Amino acid sequence: MSRILAFLRNTWRGLTSMRTALILLFLLALAAMPGALLPQRSLNPPNVDTYIATHGWWGRVLDRLQFFDVYASVWFSAIYLMLFVSLVGCLLPRTLEYAKQLTAKPVLTPRNLSRLPHHETATLDGSPDDLIAAARTRLRGWRLVEREEADGARSVSAERGYSREAGNLVFHFAMLGLIVTLALGKMVNYEGQVIVLANGSEFCNSGTLNYDSFRPGLRVDGTDLSPFCVRVNKFDAEYLPNGQADTFRADIDYQAGEDLTSNTWRPYDLEVNSPLRTAGDRVYLLGHGYAPTFTVTFPNGESRTQTVQWRPVDNLTLLSEGATKFDPPGVTDSAERRTKQIAVTGLFAPTALMRDKILTSGFPDLIDPAAAVDVMRGDLGIDSGRGQSIFEIDRSLVDSGRLSRVARQNLKPGESISLDDGTKVKFDGVVRWVSLQVSHDPTQVWVLASAILMILGLGASLTVKRRRLWVRAVPDGEGRTVVRVGGLARTDQAGYGEEFHRIAAELLSPRRDT
Amino acid sequence: MPVNDTLSTYSDWTFGAAALVYVFAMVCYAVEQAFNRAAKKSEQAVLVGAGAPTSYGLIEKPPARSRPERFGRMAVALTVLGAALHLSALVLRGVATGRAPWGNMYEYGMAVTLVAVVTWLVLMRKYDVRRLGVFVLTPIVILMFLGGTVLYTEAAPVQPALQSYWLVIHVSAAILSSGLFLVPGVVSVLYLIRASHDENPGKFTRFGPKLPEADTLDRLAYRTTIFAFPIYTFGIICGAIWAEAAWGRFWGWDPKETVAFVAWVVYAGYLHSRATAGWRGKRAAVINSVGFAMVVFNLFFINLVIAGLHSYA
Ligand code: HEM
């Protein structure tokens, strides 16, 4: 039993020693590095897959060892947990110690002041009492204690700069607070992304299914989202002549709280650096792109119109690709339907530029739009139960011959293609879309508060010097008094010298009034 | 806001001129360093005392200046001139583009090196370390050269994500602290050389004795670091606040954020090492140099090699 206790005590001591803290700090720095050098799942899952595929065995080993999820890995968590324990173990005794110091008196005046790193002496007119009283006046703001010594000598011990340690404690406690609030945030946050057409379409934060992708915190099941709705009326982008973006602005309306019941919409200009903050959530403008509108008129005369977002393949020119998929209306037999489904796929250019008869885009803005489309007919596989990307057709169906190309043509808005069976595909025009991100993290103000306290604590701890000063006045037996001043800085920081000399000079200058 | 091409061309010329002047300054520092035999303490004290400009121009003949001394003074004068040109280059860029002149890596590097030079000029007034000028200017000139060639970017407005007053606050804190960190980074390496020499005079026999006392180097590194560290911390926090507004989260382990965190932890380690038995002195100096290496790594490697949200350059 006592062995176990001894072991626990030693472990605790070891863990909370300064050396361990230092080594843990370096381990933390070292462990964080792979996250900057290797692709991370939290940032870009496809990059991770590519990396593993190209590095074979190595890639798989790294994956096993969680090198692609560094900040959620067992080893990274272990290091910062130990650091956390070490921090707590270090702070508790230091806080008690500091509380004691706050009520303690400055230490006795050393017998021999001339041994101190700073010291000065002078023989002055006046009695020890007067000179000590003058010293007390000069040392206002210092913590003082005056003592009577043998032979009529008097001394003052003064100490200043207690806020250094206070600042240091504030800094470390605030860091503790930061770590705790970060962890809480990971429990209760969520983040979702959704593409909304900028033609008056709406998005409501009423369920996770409304999102294109959704990332819940550990304790979030998606049933309890903050209710609000957003309507995107219009999106404007301005570009410099070289194609570099200058401004992005989405003109939106939103409603939350009371407004939902009264159906009141409030306007907001959503821009890149100014998210909408409502209902405790934040809505960001992350990106934008184009959604071409196609109308397919089927042989039976019925027509269907769809506007589906295509995704940019080149972020500078916004050349986009996508697949707009149509189900033939009025066909009830599913086998027959699966021969008549239509997809319009290909490229869309906001500013058409023909290069060797291939459509590319010359500029990201909508100046001269055109689409180069392949019309596919057959089985799209939409009702196969297999999920598929909204931007692509299922290539395996093309390979197996169940889906085939029936036309290929470049289209300007208003132009159309006629297929062999009388179906007509018309390119009507284009609508812009915006991609929005909704983020929820009620703990982030606490993280910010901790960070601010850290800065304040750090400032105090690095600028304030803890220093001591002693004055001793001894009668020299001939009616005058020998005054000695000594000083000691208690911290690593040099630079006490100047202040000490200034004070000593004032205390030791011959007094004009006597 | 259109870019003023004339001004931006002037900025380029001034920047080149500044780098050239620094090279001349380095030559002068090097001459001083080479001819200066290990200065004896007493001699140094005299030089420092006589160096005060007030004693200059008196009828009594001031103590004759030795040749290395004259080169040293010339080096300082050239450094000041270079810094003035350097500053003009930065200001001209800012006027030409009509925004804070640190929107891409070229401008960023220009500003960081300027801060480092100014830091060095200030420190030279306080400490007797002029002889080290060549070591401090070498990395600065290298950074400027890389900036002017590899990283050079035409003056242009910045993209929407960077159009925020946080660009000014966050990036100036980063520039200030990085420029400040350069000096202790270099000085810590020199400390290691001097300390090795002190322990074993057989090491660095020619070079070691010419360096200032290990103690001075250590104090210089420490005081500059504790000045820079809170600014760096502030810069990281401002970055997080800006990221919250621009990218939707205040911290996302983006490569740039990660390496900034690593460098911060290394500097925290440096401060702790000075309060830990057995870690003062050489180990602390190693940690400080590693810290600066991380800062440089973050500037170059992460921006150029690894794509992340910060890759605007
Ligand atoms: C999460 C890890 C930690 C970080 C990032 C950190 C950071 C810092 C920083 C930046 C300082 C400088 C402030 C100053 O010098 O006054 C400092 C000082 C200090 N820290 Fe920590 N700390 C950590 C953990 C710890 C732990 C676990 C201990 C105890 C074992 C500790 C004990 C101290 C002490 C005693 C000082 C004062 C040193 C001095 O007087 O220079 N710290 N810390």
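Modeller: First, a term: a polar contact is a pair of N or O atoms within 3.5 Å; within protein, one must be able to donate a hydrogen and the other to accept it, and residues adjacent in sequence count only if both atoms are side-chain atoms. This is a predicted model, where local features need pLDDT of at least 70 and side-chain atom pairs count only at pLDDT 80 or more, while totals for chains, interfaces and linings use all residues. Residues are numbered from 1 along each chain as its sequence is written, chains are lettered from A and ligands numbered from 1 in the order in which they are written, and side-chain values use heavy atoms, with hydrogens and water left out.

Biologist: Okay, how many residue pairs are in polar contact between domain 1 of chain B and domain 2 of chain B?

Modeller: Domain 1 of chain B covers 1-37 + 62-157 and domain 2 covers 159-313, with bounds from an automatic or database domain assignment. Their C-alpha centres lie 20 Å apart. Salt bridges (a side-chain nitrogen of Lys or Arg within 4 Å of a carboxyl oxygen of Asp or Glu) number 0 between these two domains. For residue pairs in polar contact, both at pLDDT 80 or more, the count is 1.

Biologist: Which element gives the most to the side of domain 1 of chain B that touches domain 2 of chain B?

Modeller: Three helices (DSSP runs of H or I, at least four residues, numbered from the N terminus) each supply at least two residues of that side: α1 (5-35), α4 (105-126) and α5 (133-149) of chain B. With 9 residues, the one that gives the most is α4(B).

Biologist: And what area do domain 1 of chain B and domain 2 of chain B bury between them?

Modeller: Buried area is the accessible area (1.4 Å probe) that two parts lose on being put together, summed over both. Here 81% of it is on carbon and sulfur atoms, and the total is about 2700 Å².

Biologist: Which three residues supply 23% of the area that domain 1 of chain B buries against domain 2 of chain B?

Modeller: They give more than any other three residues on the domain 1 side. The trio is B:W102, B:M105 and B:Y127.

Biologist: Now the two chains: how many residues of chain A are in contact with chain B?

Modeller: Contact means heavy atoms within 4.5 Å. Chain B brings 52 residues, and α7(B) (214-246) gives the most to that side, with 14. On the chain A side, the number is 47.

Biologist: Which residues meet in a salt bridge between chain B and chain A?

Modeller: The count between these chains is 2 salt bridges, next to 8 residue pairs in polar contact. In one of the salt bridges, N to O is 3.0 Å, and the side chains belong to B:E244 and A:R282.

Biologist: Where does the ligand lie?

Modeller: Its surroundings number 24 residues, each with a heavy atom within 4 Å. The closest are A:C90, A:N168, A:H172, A:S461 and B:H272. That fits a ligand lying between chains A and B.

Biologist: Which side chain has an N or O atom 2.5 Å from a nitrogen atom of the ligand?

Modeller: Oxygen atoms of the ligand have polar side-chain atoms by them too, from A:N168 at 3.0 Å and from A:S461 at 2.4 Å. For the ligand nitrogen at 2.5 Å, the side chain is that of B:H272.

Biologist: Last one: how many residues apart in sequence are the parts that A:R41 and A:D69 tie together?

Modeller: The side chains of A:R41 and A:D69 meet in a salt bridge, 3.0 Å from N to O. A:R41 lies in the loop between α3 (34-37) and α4 (45-64) of chain A and A:D69 in the loop between α4 and α5, so the parts this pair ties together have a sequence separation, in residues, of 28.
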